[in-house]
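Okay, thanks everyone, I'll keep this short. Have a look at the sequence and the fold for a moment, and then I'll walk you through a few spots.

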Amino acid sequence: MTNAPAPRTAALIVAAGRGLRAGTALPKQYAPVAGQPMLAHAYRAFAEHPGIDTVLVMVAEGQQAMARDAVGADARIGVGGVLRLDTVRIGLDLLGSETTRVLVHDAARPFVPAGVIDRVLAALDEADGAVPTLAVVDTLNREDGTLVPRAGLHRVQTPQGFRIAVLARAHAAWPAGEDASDDAQMVRALGGRVELVQGDAMLEKVTYPEDFAAAEARIRWETRSASGFDVHRLEAGEELWLGGVLIPHDRGLSGHSDADVVLHALTDALLGTIAAGDIGTHFPPSDPQWRGAASDQFLAHAATLIADKGGRIDFVDLTILCEAPKIGPHRAAMIARIAEILTIDPARVSVKATTTERLGFTGREEGIATQAIATVSLPEMPR
Ligand SMILES: Nc1ccn([C@@H]2O[C@H](COP(=O)(O)OP(=O)(O)OP(=O)(O)O)[C@@H](O)[C@H]2O)c(=O)n1
Ligand SMILES: C[C@](O)(CO)[C@H](O)COP(=O)(O)O
(Lines give C-alpha, C1' and ligand atoms only; values in the text may rest on other atoms or scores of the structure.)
(Ligands and ions follow the chains in the order given, each with its own letter.)
Protein backbone atom coordinates (compact mmCIF):
# COMPACT_ATOMS: atom_id res chain seq x y z
CA MET A 1 0.00 0.00 0.00
CA THR A 2 1.40 3.45 -0.93
CA ASN A 3 0.77 6.49 1.17
CA ALA A 4 0.44 9.37 -1.30
CA PRO A 5 1.69 12.62 0.27
CA ALA A 6 -1.07 15.08 1.19
CA PRO A 7 -1.47 17.81 -1.44
CA ARG A 8 0.21 21.09 -0.56
CA THR A 9 -2.08 23.86 -1.66
CA ALA A 10 -1.04 27.44 -2.35
CA ALA A 11 -3.16 30.50 -2.93
CA LEU A 12 -1.66 32.85 -5.51
CA ILE A 13 -3.26 36.28 -5.19
CA VAL A 14 -2.61 38.42 -8.25
CA ALA A 15 -2.47 42.08 -7.26
CA ALA A 16 0.02 43.53 -9.72
CA GLY A 17 -2.48 45.31 -11.95
CA ARG A 18 -2.79 49.07 -12.29
CA GLY A 19 -6.53 49.24 -11.76
CA LEU A 20 -6.92 51.94 -14.41
CA ARG A 21 -10.65 51.44 -14.93
CA ALA A 22 -11.36 51.89 -11.21
CA GLY A 23 -9.91 55.40 -11.30
CA THR A 24 -8.64 55.30 -7.71
CA ALA A 25 -5.60 57.32 -6.62
CA LEU A 26 -3.78 54.13 -5.60
CA PRO A 27 -4.25 50.88 -7.55
CA LYS A 28 -7.70 49.57 -6.58
CA GLN A 29 -6.39 46.57 -4.61
CA TYR A 30 -5.09 49.04 -1.99
CA ALA A 31 -8.30 51.09 -1.90
CA PRO A 32 -10.52 50.41 1.11
CA VAL A 33 -13.69 48.35 1.11
CA ALA A 34 -15.35 47.84 4.50
CA GLY A 35 -12.54 49.77 6.15
CA GLN A 36 -9.65 47.72 4.78
CA PRO A 37 -7.71 47.49 1.52
CA MET A 38 -9.36 45.03 -0.87
CA LEU A 39 -6.18 42.98 -0.85
CA ALA A 40 -6.37 42.57 2.94
CA HIS A 41 -9.81 40.95 2.75
CA ALA A 42 -8.81 38.52 0.02
CA TYR A 43 -5.57 37.64 1.82
CA ARG A 44 -7.36 36.92 5.09
CA ALA A 45 -9.85 34.58 3.42
CA PHE A 46 -7.07 32.32 2.18
CA ALA A 47 -4.74 32.69 5.15
CA GLU A 48 -7.54 31.57 7.49
CA HIS A 49 -8.77 28.67 5.34
CA PRO A 50 -7.65 25.28 6.74
CA GLY A 51 -7.17 23.84 3.23
CA ILE A 52 -4.58 26.43 2.20
CA ASP A 53 -0.96 25.85 3.23
CA THR A 54 0.65 28.99 1.87
CA VAL A 55 -0.41 32.32 0.38
CA LEU A 56 1.73 34.22 -2.13
CA VAL A 57 0.74 37.76 -3.07
CA MET A 58 2.00 39.16 -6.38
CA VAL A 59 2.31 42.95 -6.54
CA ALA A 60 3.74 45.55 -8.89
CA GLU A 61 7.36 46.66 -8.47
CA GLY A 62 7.58 49.42 -5.86
CA GLN A 63 4.37 48.39 -4.12
CA GLN A 64 5.83 45.78 -1.77
CA ALA A 65 5.70 48.07 1.29
CA MET A 66 2.10 49.06 0.59
CA ALA A 67 1.21 45.38 0.22
CA ARG A 68 2.91 44.51 3.53
CA ASP A 69 0.88 47.25 5.23
CA ALA A 70 -2.24 45.56 3.87
CA VAL A 71 -1.45 41.91 4.56
CA GLY A 72 1.19 41.89 7.28
CA ALA A 73 4.95 41.92 7.49
CA ASP A 74 5.29 38.12 7.39
CA ALA A 75 3.32 37.58 4.17
CA ARG A 76 5.05 36.07 1.10
CA ILE A 77 5.20 38.74 -1.58
CA GLY A 78 6.48 38.52 -5.16
CA VAL A 79 6.69 41.00 -8.01
CA GLY A 80 4.36 40.44 -10.97
CA GLY A 81 4.55 41.22 -14.67
CA VAL A 82 2.98 43.38 -17.37
CA LEU A 83 -0.07 41.21 -18.06
CA ARG A 84 -2.12 39.18 -15.59
CA LEU A 85 -0.85 35.97 -17.18
CA ASP A 86 2.76 37.17 -16.70
CA THR A 87 2.01 37.74 -13.02
CA VAL A 88 0.58 34.24 -12.65
CA ARG A 89 3.52 32.63 -14.48
CA ILE A 90 6.09 34.41 -12.30
CA GLY A 91 4.10 33.42 -9.19
CA LEU A 92 4.04 29.76 -10.22
CA ASP A 93 7.85 29.84 -10.52
CA LEU A 94 8.13 31.30 -7.02
CA LEU A 95 5.90 28.71 -5.38
CA GLY A 96 8.41 25.88 -5.41
CA SER A 97 8.19 22.18 -6.08
CA GLU A 98 6.48 21.20 -2.81
CA THR A 99 3.25 22.85 -4.01
CA THR A 100 0.89 20.43 -5.75
CA ARG A 101 -2.26 22.55 -6.14
CA VAL A 102 -2.68 26.28 -6.63
CA LEU A 103 -5.68 28.59 -6.37
CA VAL A 104 -5.20 31.69 -8.51
CA HIS A 105 -7.24 34.62 -7.25
CA ASP A 106 -7.80 38.26 -8.28
CA ALA A 107 -7.18 40.76 -5.47
CA ALA A 108 -9.93 42.69 -7.25
CA ARG A 109 -12.43 40.20 -5.77
CA PRO A 110 -12.10 41.09 -2.08
CA PHE A 111 -14.70 38.81 -0.50
CA VAL A 112 -13.95 35.12 -0.87
CA PRO A 113 -16.48 32.79 0.76
CA ALA A 114 -14.81 29.79 2.40
CA GLY A 115 -17.47 27.59 0.76
CA VAL A 116 -16.20 28.52 -2.71
CA ILE A 117 -12.65 27.58 -1.72
CA ASP A 118 -14.03 24.28 -0.38
CA ARG A 119 -15.83 23.56 -3.65
CA VAL A 120 -12.82 24.38 -5.82
CA LEU A 121 -10.54 22.19 -3.67
CA ALA A 122 -13.01 19.30 -3.71
CA ALA A 123 -13.31 19.42 -7.52
CA LEU A 124 -9.52 19.26 -7.84
CA ASP A 125 -9.57 15.72 -6.43
CA GLU A 126 -10.88 14.62 -9.84
CA ALA A 127 -10.14 17.39 -12.35
CA ASP A 128 -7.07 19.31 -13.55
CA GLY A 129 -8.79 22.58 -12.76
CA ALA A 130 -11.91 24.02 -11.18
CA VAL A 131 -13.48 27.46 -11.60
CA PRO A 132 -16.37 29.10 -9.75
CA THR A 133 -19.03 30.43 -12.10
CA LEU A 134 -22.45 32.05 -11.99
CA ALA A 135 -25.02 31.24 -14.65
CA VAL A 136 -25.93 34.23 -16.82
CA VAL A 137 -29.45 35.32 -15.88
CA ASP A 138 -29.90 38.39 -18.10
CA THR A 139 -30.94 38.33 -21.73
CA LEU A 140 -27.84 38.97 -23.81
CA ASN A 141 -27.64 41.22 -26.90
CA ARG A 142 -24.79 42.13 -29.19
CA GLU A 143 -24.30 45.86 -29.81
CA ASP A 144 -26.32 45.56 -33.02
CA GLY A 145 -29.23 44.14 -31.01
CA THR A 146 -28.99 40.53 -32.11
CA LEU A 147 -29.74 38.00 -29.41
CA VAL A 148 -27.04 35.82 -27.89
CA PRO A 149 -28.72 32.68 -26.49
CA ARG A 150 -27.81 32.60 -22.82
CA ALA A 151 -28.47 28.90 -22.20
CA GLY A 152 -25.27 27.32 -20.92
CA LEU A 153 -23.46 30.68 -20.51
CA HIS A 154 -21.58 31.29 -17.29
CA ARG A 155 -19.72 34.22 -15.79
CA VAL A 156 -16.31 33.06 -14.62
CA GLN A 157 -14.90 34.10 -11.27
CA THR A 158 -11.80 33.36 -9.20
CA PRO A 159 -10.31 31.60 -7.23
CA GLN A 160 -9.50 29.18 -10.04
CA GLY A 161 -7.85 26.02 -8.76
CA PHE A 162 -5.42 23.81 -10.66
CA ARG A 163 -3.01 20.98 -10.31
CA ILE A 164 0.06 23.17 -10.39
CA ALA A 165 2.03 21.03 -12.83
CA VAL A 166 -0.81 21.27 -15.38
CA LEU A 167 -1.13 25.05 -14.98
CA ALA A 168 2.64 25.51 -15.29
CA ARG A 169 2.63 23.45 -18.51
CA ALA A 170 -0.29 25.50 -19.86
CA HIS A 171 1.59 28.74 -19.23
CA ALA A 172 4.76 27.37 -20.82
CA ALA A 173 2.81 26.27 -23.91
CA TRP A 174 0.84 29.52 -24.31
CA PRO A 175 1.86 31.50 -27.43
CA ALA A 176 4.25 34.31 -26.54
CA GLY A 177 2.72 37.76 -26.90
CA GLU A 178 -0.86 36.48 -26.75
CA ASP A 179 -3.04 37.52 -23.80
CA ALA A 180 -5.50 35.27 -21.95
CA SER A 181 -8.10 36.71 -19.63
CA ASP A 182 -8.03 33.74 -17.24
CA ASP A 183 -6.05 30.59 -16.48
CA ALA A 184 -8.80 28.05 -17.10
CA GLN A 185 -8.79 28.76 -20.84
CA MET A 186 -5.03 28.14 -20.92
CA VAL A 187 -5.42 24.75 -19.23
CA ARG A 188 -8.28 23.81 -21.57
CA ALA A 189 -6.14 24.81 -24.57
CA LEU A 190 -3.73 22.13 -23.45
CA GLY A 191 -6.54 19.55 -23.22
CA GLY A 192 -6.88 19.76 -19.43
CA ARG A 193 -10.22 19.05 -17.75
CA VAL A 194 -11.65 22.07 -15.91
CA GLU A 195 -14.78 21.63 -13.78
CA LEU A 196 -17.30 24.39 -13.12
CA VAL A 197 -18.35 24.80 -9.49
CA GLN A 198 -20.95 27.15 -8.05
CA GLY A 199 -19.58 30.70 -7.64
CA ASP A 200 -20.90 33.39 -5.34
CA ALA A 201 -22.28 36.92 -5.75
CA MET A 202 -19.83 38.05 -3.04
CA LEU A 203 -17.03 37.32 -5.51
CA GLU A 204 -18.03 40.03 -8.01
CA LYS A 205 -14.93 41.80 -9.32
CA VAL A 206 -14.32 45.44 -8.50
CA THR A 207 -13.50 46.97 -11.87
CA TYR A 208 -15.18 50.40 -12.15
CA PRO A 209 -15.55 53.21 -9.56
CA GLU A 210 -19.18 52.32 -8.76
CA ASP A 211 -18.20 48.71 -7.95
CA PHE A 212 -16.72 49.77 -4.60
CA ALA A 213 -20.13 50.84 -3.28
CA ALA A 214 -21.70 47.68 -4.69
CA ALA A 215 -19.09 45.53 -2.91
CA GLU A 216 -19.74 47.38 0.38
CA ALA A 217 -23.47 46.89 -0.05
CA ARG A 218 -23.06 43.12 -0.34
CA ILE A 219 -21.51 42.87 3.12
CA ARG A 220 -23.70 41.81 6.02
CA TRP A 221 -22.70 43.50 9.25
CA GLU A 222 -22.99 42.02 12.70
CA THR A 223 -23.51 44.61 15.43
CA ARG A 224 -21.98 43.87 18.81
CA SER A 225 -22.04 45.84 22.06
CA ALA A 226 -19.86 45.23 25.09
CA SER A 227 -19.28 46.99 28.38
CA GLY A 228 -16.19 47.88 30.36
CA PHE A 229 -15.80 49.00 33.96
CA ASP A 230 -12.79 50.29 35.86
CA VAL A 231 -11.89 51.90 39.20
CA HIS A 232 -8.71 53.62 40.37
CA ARG A 233 -7.77 55.06 43.73
CA LEU A 234 -7.29 58.82 44.22
CA GLU A 235 -3.96 59.64 45.81
CA ALA A 236 -1.95 62.74 46.58
CA GLY A 237 1.06 63.36 44.36
CA GLU A 238 -0.40 61.64 41.28
CA GLU A 239 -1.45 63.25 37.98
CA LEU A 240 -5.12 63.01 37.08
CA TRP A 241 -5.59 61.67 33.53
CA LEU A 242 -9.18 61.17 32.42
CA GLY A 243 -10.21 60.38 28.86
CA GLY A 244 -6.68 61.08 27.64
CA VAL A 245 -6.72 64.60 29.12
CA LEU A 246 -4.53 65.87 31.99
CA ILE A 247 -6.90 67.54 34.47
CA PRO A 248 -5.73 69.93 37.20
CA HIS A 249 -6.82 68.51 40.57
CA ASP A 250 -5.47 68.23 44.12
CA ARG A 251 -5.03 64.45 43.74
CA GLY A 252 -4.61 62.00 40.89
CA LEU A 253 -5.37 58.35 40.16
CA SER A 254 -2.92 55.57 40.93
CA GLY A 255 -2.70 52.06 39.52
CA HIS A 256 -1.95 50.42 36.15
CA SER A 257 -0.08 52.78 33.75
CA ASP A 258 -1.25 56.41 34.09
CA ALA A 259 -4.45 55.05 35.72
CA ASP A 260 -6.71 56.76 33.18
CA VAL A 261 -9.85 55.04 34.35
CA VAL A 262 -11.89 56.35 31.42
CA LEU A 263 -9.58 55.00 28.71
CA HIS A 264 -9.19 51.72 30.61
CA ALA A 265 -12.96 51.11 30.83
CA LEU A 266 -13.32 52.01 27.16
CA THR A 267 -10.44 49.75 26.12
CA ASP A 268 -12.11 46.85 27.93
CA ALA A 269 -15.46 47.58 26.27
CA LEU A 270 -13.87 47.61 22.82
CA LEU A 271 -11.91 44.42 23.49
CA GLY A 272 -15.17 42.88 24.67
CA THR A 273 -16.82 43.45 21.29
CA ILE A 274 -14.32 41.06 19.70
CA ALA A 275 -14.01 38.78 22.74
CA ALA A 276 -10.31 39.62 22.95
CA GLY A 277 -9.90 39.51 26.72
CA ASP A 278 -9.26 42.66 28.70
CA ILE A 279 -6.61 45.32 29.08
CA GLY A 280 -4.59 43.10 31.45
CA THR A 281 -4.50 40.33 28.83
CA HIS A 282 -2.70 42.61 26.40
CA PHE A 283 -0.80 44.86 28.83
CA PRO A 284 -0.19 42.90 32.07
CA PRO A 285 -0.01 45.24 35.09
CA SER A 286 2.93 43.15 36.35
CA ASP A 287 5.01 44.16 33.30
CA PRO A 288 7.23 47.12 34.34
CA GLN A 289 7.10 48.64 30.84
CA TRP A 290 3.49 49.77 31.47
CA ARG A 291 4.27 51.54 34.77
CA GLY A 292 3.24 55.16 34.27
CA ALA A 293 2.62 54.53 30.54
CA ALA A 294 0.12 56.68 28.61
CA SER A 295 -3.15 54.79 28.24
CA ASP A 296 -3.90 56.11 24.75
CA GLN A 297 -1.75 53.27 23.35
CA PHE A 298 -4.01 50.66 24.98
CA LEU A 299 -7.08 52.22 23.43
CA ALA A 300 -5.39 52.52 20.04
CA HIS A 301 -4.39 48.84 20.25
CA ALA A 302 -8.01 47.79 20.85
CA ALA A 303 -9.10 49.90 17.86
CA THR A 304 -6.42 48.28 15.69
CA LEU A 305 -7.59 44.78 16.66
CA ILE A 306 -11.12 45.71 15.59
CA ALA A 307 -9.88 47.25 12.33
CA ASP A 308 -7.84 44.09 11.65
CA LYS A 309 -11.13 42.19 11.62
CA GLY A 310 -12.57 44.70 9.15
CA GLY A 311 -14.74 46.11 11.94
CA ARG A 312 -15.81 49.69 12.57
CA ILE A 313 -16.54 51.46 15.81
CA ASP A 314 -20.09 52.83 15.65
CA PHE A 315 -20.45 54.49 19.04
CA VAL A 316 -18.85 54.67 22.48
CA ASP A 317 -20.61 55.89 25.59
CA LEU A 318 -18.87 56.63 28.89
CA THR A 319 -20.16 57.41 32.36
CA ILE A 320 -17.63 58.75 34.84
CA LEU A 321 -18.57 58.34 38.50
CA CYS A 322 -16.96 60.96 40.73
CA GLU A 323 -17.76 63.85 43.10
CA ALA A 324 -14.81 65.91 41.87
CA PRO A 325 -13.42 67.24 39.67
CA LYS A 326 -16.36 68.48 37.66
CA ILE A 327 -16.25 66.74 34.28
CA GLY A 328 -18.33 69.30 32.33
CA PRO A 329 -15.46 71.73 31.64
CA HIS A 330 -13.30 68.89 30.29
CA ARG A 331 -15.96 66.96 28.37
CA ALA A 332 -15.23 68.47 24.94
CA ALA A 333 -11.49 67.89 25.27
CA MET A 334 -12.06 64.25 26.30
CA ILE A 335 -14.42 63.64 23.39
CA ALA A 336 -11.95 65.17 20.95
CA ARG A 337 -9.04 63.12 22.32
CA ILE A 338 -10.94 59.81 22.37
CA ALA A 339 -12.20 60.41 18.83
CA GLU A 340 -8.64 61.19 17.77
CA ILE A 341 -7.23 58.00 19.31
CA LEU A 342 -9.99 55.86 17.78
CA THR A 343 -9.91 57.79 14.47
CA ILE A 344 -13.70 58.20 14.53
CA ASP A 345 -15.98 61.19 14.30
CA PRO A 346 -16.38 63.01 17.67
CA ALA A 347 -20.15 62.66 17.15
CA ARG A 348 -19.64 58.95 17.83
CA VAL A 349 -18.26 59.61 21.32
CA SER A 350 -20.41 60.37 24.37
CA VAL A 351 -18.94 61.35 27.74
CA LYS A 352 -21.26 61.64 30.73
CA ALA A 353 -20.63 62.02 34.44
CA THR A 354 -22.52 61.52 37.65
CA THR A 355 -21.88 61.79 41.36
CA THR A 356 -23.00 58.94 43.58
CA GLU A 357 -24.70 61.34 46.00
CA ARG A 358 -21.70 61.14 48.35
CA LEU A 359 -22.37 57.42 48.77
CA GLY A 360 -19.73 54.71 48.49
CA PHE A 361 -16.04 55.03 47.58
CA THR A 362 -16.64 57.53 44.82
CA GLY A 363 -18.89 59.56 47.13
CA ARG A 364 -16.13 59.63 49.74
CA GLU A 365 -13.70 60.69 46.97
CA GLU A 366 -11.49 57.67 47.57
CA GLY A 367 -11.49 56.80 43.91
CA ILE A 368 -13.06 57.35 40.47
CA ALA A 369 -14.96 54.73 38.48
CA THR A 370 -16.02 54.64 34.84
CA GLN A 371 -18.39 52.45 32.94
CA ALA A 372 -18.21 52.22 29.17
CA ILE A 373 -20.31 50.73 26.42
CA ALA A 374 -18.96 50.28 22.91
CA THR A 375 -20.92 49.35 19.80
CA VAL A 376 -18.99 47.89 16.91
CA SER A 377 -19.96 46.48 13.50
CA LEU A 378 -18.05 43.51 12.16
CA PRO A 379 -18.33 42.23 8.59
CA GLU A 380 -19.82 38.75 8.36
CA MET A 381 -17.92 36.84 5.76
CA PRO A 382 -20.13 34.28 4.03
CA ARG A 383 -19.41 30.55 4.35
N1 LIG B 1 -0.18 42.64 -14.85
C2 LIG B 1 -1.20 42.36 -14.08
C3 LIG B 1 -2.52 42.74 -14.38
C4 LIG B 1 -3.54 42.41 -13.52
N5 LIG B 1 -3.26 41.74 -12.39
C6 LIG B 1 -4.34 41.43 -11.44
O7 LIG B 1 -5.34 40.68 -12.06
C8 LIG B 1 -6.59 40.90 -11.43
C9 LIG B 1 -7.72 41.11 -12.44
O10 LIG B 1 -7.39 42.20 -13.28
P11 LIG B 1 -8.23 43.53 -13.43
O12 LIG B 1 -9.43 43.52 -12.60
O13 LIG B 1 -8.35 43.81 -14.88
O14 LIG B 1 -7.23 44.58 -12.75
P15 LIG B 1 -6.33 45.67 -13.41
O16 LIG B 1 -5.55 45.10 -14.53
O17 LIG B 1 -5.53 46.21 -12.29
O18 LIG B 1 -7.40 46.72 -13.90
P19 LIG B 1 -7.44 47.66 -15.18
O20 LIG B 1 -7.53 46.73 -16.36
O21 LIG B 1 -8.66 48.48 -14.99
O22 LIG B 1 -6.17 48.47 -15.20
C23 LIG B 1 -6.40 42.09 -10.49
O24 LIG B 1 -6.38 41.62 -9.16
C25 LIG B 1 -5.07 42.65 -10.92
O26 LIG B 1 -4.33 43.27 -9.87
C27 LIG B 1 -1.96 41.38 -12.09
O28 LIG B 1 -1.72 40.80 -11.03
N29 LIG B 1 -0.97 41.68 -12.94
C1 LIG C 1 -9.68 36.13 -14.28
C2 LIG C 1 -10.99 36.83 -14.36
O3 LIG C 1 -11.27 37.49 -13.17
C4 LIG C 1 -12.09 35.79 -14.58
O5 LIG C 1 -13.31 36.39 -14.78
C6 LIG C 1 -11.03 37.88 -15.45
O7 LIG C 1 -10.95 37.27 -16.68
C8 LIG C 1 -9.99 38.97 -15.28
O9 LIG C 1 -10.15 39.84 -16.36
P10 LIG C 1 -9.46 41.25 -16.50
O11 LIG C 1 -9.50 41.54 -17.93
O12 LIG C 1 -8.08 41.10 -15.98
O13 LIG C 1 -10.32 42.18 -15.75
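So, let's begin with the second of the annotated histidines. His264 sits in helix H8, which runs over residues 261-273. Buried or exposed, would you say? It's buried, because 29 C-beta atoms lie inside 10 Å of it and the cut-off for buried is 20 or more. Before you take that too literally, remember that this is a predicted model.

What does His264 touch, once you skip anything within four places in sequence? Asp230, Ile279 and Ser295. Hang on to Asp230, since that name comes back right away. The UniProt entry, which is unreviewed, has a "binding site" annotation on Asp230, His232 and His264. Those three are spread over 35 residues of sequence, yet they cluster in space, with a largest C-alpha distance of 10.0 Å.

Now the other histidine in that annotation. His232 is part of strand E13, residues 220-235. His232 is buried as well, because it has 25 other C-beta atoms within 10 Å, against that cut-off of 20. As for contacts, again leaving out neighbours within four places, His232 meets Leu253, Ser254, Gly255, Ala259, Val261, Gly367 and Ile368.

Okay, back to H8, and on to its packing. Helix H10, residues 296-308, packs with H8 at an angle of about 15 degrees, and the axes are 9 Å apart. Angles under 35 degrees count as roughly parallel, so that's what we call H8 and H10. The crossing of H8 past H10 is left-handed. If you want to click through the interface, the H8 side has Leu263, Leu266, Thr267, Leu270, Leu271 and Thr273, and the H10 side has Asp296, Phe298, Leu299, Ala302, Ala303 and Ile306.

Last topic, the nonpolar cores. How many residues are in the largest one? It has 60, and the members with the most contacts inside it are Leu12, Ile13, Ala15, Leu39 and Val57. Helix H1, residues 38-47, supplies the largest share of that core, seven residues. Then there's a second, separate core of 39 residues, and Val261, Leu271, Phe298 and Ala302 are among them. You've heard those names already: Val261 is one of the contacts of His232, while Leu271, Phe298 and Ala302 belong to the H8 and H10 interface.

And going back to the largest core for a second, Leu39 touches Ala15, Gln29, Tyr30, Ala67, Ala70, Val71 and Ala107, not counting residues up to four places away. That's it from me.

Conventions: Residues numbered from 1 in each chain as written. Chains lettered and ligands numbered in written order. Predicted model: local features only at pLDDT ≥ 70, side-chain atom pairs only at ≥ 80, totals over all residues. UniProt positions renumbered as here; feature names shortened; annotations may be inferred. Helix = DSSP H or I, 4+ residues; strand = E, 2+ residues; numbered from the N terminus. Buried ≥ 20, exposed ≤ 12 C-beta atoms within 10 Å, placed from the backbone. Contact = placed C-beta atoms within 7 Å. Core = buried A, V, L, I, M, F, W, Y, C linked by C-beta atoms within 7 Å. Axes fitted to C-alpha atoms, helices over the stretch in contact; angles between N-to-C directions. Parallel < 35°, antiparallel > 145°, perpendicular 65-115°, else oblique. Left-handed = near helix turned anticlockwise from the far one by under 90°.
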